[in-house]
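Okay, thanks for coming, everyone. I'll put the structure up and then walk you through a few spots in it.

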Amino acid sequence: MTSPSFAFVPRNISKGRKQQGTCAHVPSSESSHSLKPTPAIERKSAYPGPSGSDKGKQKVSEPPAKPVYNEKDISILVVLAFSDYALWLDSDLRRKTEESLQGEEQDAGFLPLSYLMRRAFGRENLGQDYMPTEANVVKAIRAYAGDALEVRMLVSAPSASGWYPSWKPERGSVGGYEVRRKDWTTLLDNATREFTRGQWDDRTIYMENIPAQYHTIPGIIRFAQGLLSHSSCLVPIQNVTLPPHHLDKAEDRPKCKGFALVTLSNAELCQMFLESWSWTQSFQPESDDFDLAEGNLETKEASKFGFRTLPKARWDKLNEEYLAYRQKLISELADANEPPDISPDSDVRDVVDDVLEDTPAPPRNVTTMYSPYPFGCLVFARNLHLETNKTTLRALFCTAFESSLVDPAGIDYVDFNKGMDSCYLRLASPEHGRVLVDRFSSHPVVQSHGLDDIGKTPEASQKAIATEIIEGKKEEVYWEKVPEKVRRQAVEKAVKALNGKQSSSVHTAHEHSEENRPRKKRNRG
């Protein structure tokens with residue numbers, strides 16, 4: 001009797017449907033032959049649910065990343081990316097803006113919002129999880145920057161062919177929002193388009209002792225705008241530069257350390273800051289109608305932190321003086337560390353030699369039970385075979401003790417990582433270290449292969465295994481990384497070896513004296 005053939009019916013998996021259990025109903029042969037199974041790869045959902053074996057083990061989805069900037073800061077960064085200074089500095093932004101101004105009046109001056117967002121948040125080095133969405137940016141612009149920018153939503157996304165080549169993946173990032181400046185009709189006649197670097201520097205001031213709560217680019221702009229009360233300028237701050245540290249790399253993002261270079265829209269605003277927050281005097285308002293806010297939070301914080309300003313030209317000069325003084329100190333320190341070049345007379349040299357001969361050598365560190373680690377028991381070896389291992393190295397270095405009087409089991413531990421050509425040897429006593437180093441210095445060898453535990457004479461092009469006793473600061477740093485229990489055991493073993501050597505020498509001398517003593521004749525009665 002032949003068993004009935006059951007056709008395989010693939011389980012239907014979709015995004016919104018829960019996985020069902022195995023159906024007990026068996027379709028008829030006619031209906032089963034009419035069904036055409038679909039390949040599993042085509043029926044996989046874009047968001048597959050957890051399998052039965054993973055039930056109860058799936059991780060809880062992490063909450064969305066917390067935004068870095070609020071809506072006020074987002075609007076400040078977008079306005080800053082479309083400022084007169086940005087148009088002067090960024091040639092690509094300037095060219096695309098000029099091209100858009102050649103269109104019809106209802107489309108003139110508009111740029112894709114996503115294009116401007118990359119310039120607004122590009123230098124902030126924000127990850128994709130922290131980037132605000134276009135909807136959030138539009139909301140921020142309409143709430144806080146409606147006087148400076150105009151934003152509109154398109155029914156269809158704007159064509160990307162004019163902005164990106166067809167092979168660039170950024171084409172898909174162009175959204176359905178466009179933005180332009182409210183003063184787009186006068187952009188081509190703006191005098192800042194013909195500015196030079198020196199003219200922008202004349203409108204730049206150095207701010208120091210910025211309050212701690214404003215240590216971001218949007219925070220510095222909010223702080224500066226808060227100090228200006230009745231300024232008629234729509235965008236008073238054109239750019240903010242954070243001076244980098246001299247050790248920063250080119251790709252590092254500069255961090256605000258309480259000072260910044262701020263470029264303003266006109267020279268009058270610079271003069272207001274320089275007069276009211278001068279470099280040497282405290283804040284003293286000159287008149288009631290002065291254009292700096294005198295009772296707001298920013299003014300109080302500036303007074304509390306000792307906020308002061310300086311023209312950029314003066315700051316550049318002070319910076320050059322500081323760098324020259326710093327280099328002078330470094331040179332003096334380097335010269336002070338060099339040994340003096342003294343050439344004594346022959347008579348003085350003879351006296352010094354005689355004194356040195358009579359002076360005993362300073363005692364080396366002797367390991368006691370109170371020592372933090374065993375002194376002189378660490379040896380560094382290099383030029384090892386790259387395919388060797390700890391067992392082979394232990395056998396290789398133990399050959400140094402075969403023809404000596406020290407204990408042949410003098411290697412406590414071989415500190416070696418596979419694939420390296422060097423290692424550290426922890427020895428039982430300083431005497432083992434001296435014997436090992438002397439042996440490999442007088443009889444140079446190399447490993448012919450990874451398992452060579454004897455060694456051979458090196459050829460002319462080969463580097464022999466080199467060993468050296470590690471002492472001083474390097475020895476201290478190494479033993480600090482060793483666990484305390486292991487260090488204590490090493491100290492105890494070194495002290496035991498040292499005491500054993502002393503007792504053995506005393507015992508040998510005692511035996512020698514006993515042998516030299518004449519023996520008494522035994523009376524035989």
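Let's begin with a charge and a ring: Arg308 sits over the face of Trp279, and the distance to the ring centre is 3.6 Å. There's another arrangement of that kind, with Arg152 over the face of Phe110, this time 4.0 Å from the ring centre. Keep in mind throughout that what you're looking at is a predicted model.

Now, the overall picture. The protein has 525 residues, and 34% of them count as buried. You'll find 16 helices and eleven strands in there. If you take the contacts with a separation of 6 or more, 72% of them are between residues 24 or more positions apart. As for the outside, the accessible surface is about 34,900 Å², and carbon and sulfur atoms make up 53% of that.

Back to rings. How many aromatic pairs does the count come to? It's 16. Take Tyr85 and Trp88: their ring centres are 5.6 Å apart with the planes at 45°, and since a pair counts as tilted between 30 and 60 degrees, that's what this one is. Both residues belong to helix H3, residues 84-89, and they're three residues apart, so about one helical turn separates them. Are they buried or exposed? Tyr85 is buried, at 8% relative accessibility, and Trp88 is buried too, at 18%.

Another tilted pair is Tyr206 with Phe259, at 6.2 Å centre to centre and 40° between the planes. Here the partners come from two strands: Tyr206 is in E4, residues 204-208, and Phe259 is in E6, residues 259-264, so the pair ties together parts 53 residues apart in sequence. Tyr206 is buried at 5% relative accessibility, while Phe259 has a relative accessible area of 25% and is partly exposed.

And if you like clusters, look for Tyr373, Phe375, Phe380, Tyr424, Tyr478 and Trp479, which are linked together by ring pairs.

Next, some helix packing. When two helices pack, you describe them by the angle between their axes and the distance between those axes. For H2, residues 71-81, and H8, residues 217-227, the axes come within 9 Å and cross at roughly 90°. That angle makes H2 roughly perpendicular to H8. Who makes the contact? On the H2 side it's Lys72, Asp73, Ile76, Leu77 and Leu80, and on the H8 side it's Ile217, Pro218, Ile221 and Arg222.

Follow the chain on and you get to Leu228, in the loop between H8 and strand E5, which covers 237-241. Leu228 is buried, with a relative accessible area of 9%. Its C-alpha is 8.8 Å from that of Met272, although the two residues are 44 apart in sequence.

Last stop, a couple of backbone oddities. Most residues other than glycine have a negative phi. Asn209, though, isn't a glycine and has a positive phi of about 60°. You'll see Asn209 in the loop between E4 and H8, and it's partly exposed, at 31% relative accessible area. Asn383 also has a positive phi, about 65°, again without being a glycine. Asn383 is in the loop that runs between strand E8, 378-382, and helix H13, 390-398. With 25% relative accessibility, Asn383 counts as partly exposed.

That's it from me.

Note on methods:
Residues numbered from 1 in each chain as written. Predicted model: local features only at pLDDT ≥ 70, side-chain atom pairs only at ≥ 80, totals over all residues. Heavy atoms only, no water. Helix = DSSP H or I, 4+ residues; strand = E, 2+ residues; numbered from the N terminus. Buried < 20%, exposed > 50% of the residue type's maximum accessible area, 1.4 Å probe, protein only. Contact = heavy atoms within 4.5 Å. Areas by Shrake-Rupley, 256 points an atom, 1.4 Å probe, with all protein chains shown as cover. Phe/Tyr/Trp six-rings, centres within 6.5 Å; stacked < 30°, edge-to-face > 60°. Lys NZ or Arg CZ within 6 Å of the ring centre and 35° of its normal. Axes fitted to C-alpha atoms, helices over the stretch in contact; angles between N-to-C directions. Parallel < 35°, antiparallel > 145°, perpendicular 65-115°, else oblique.
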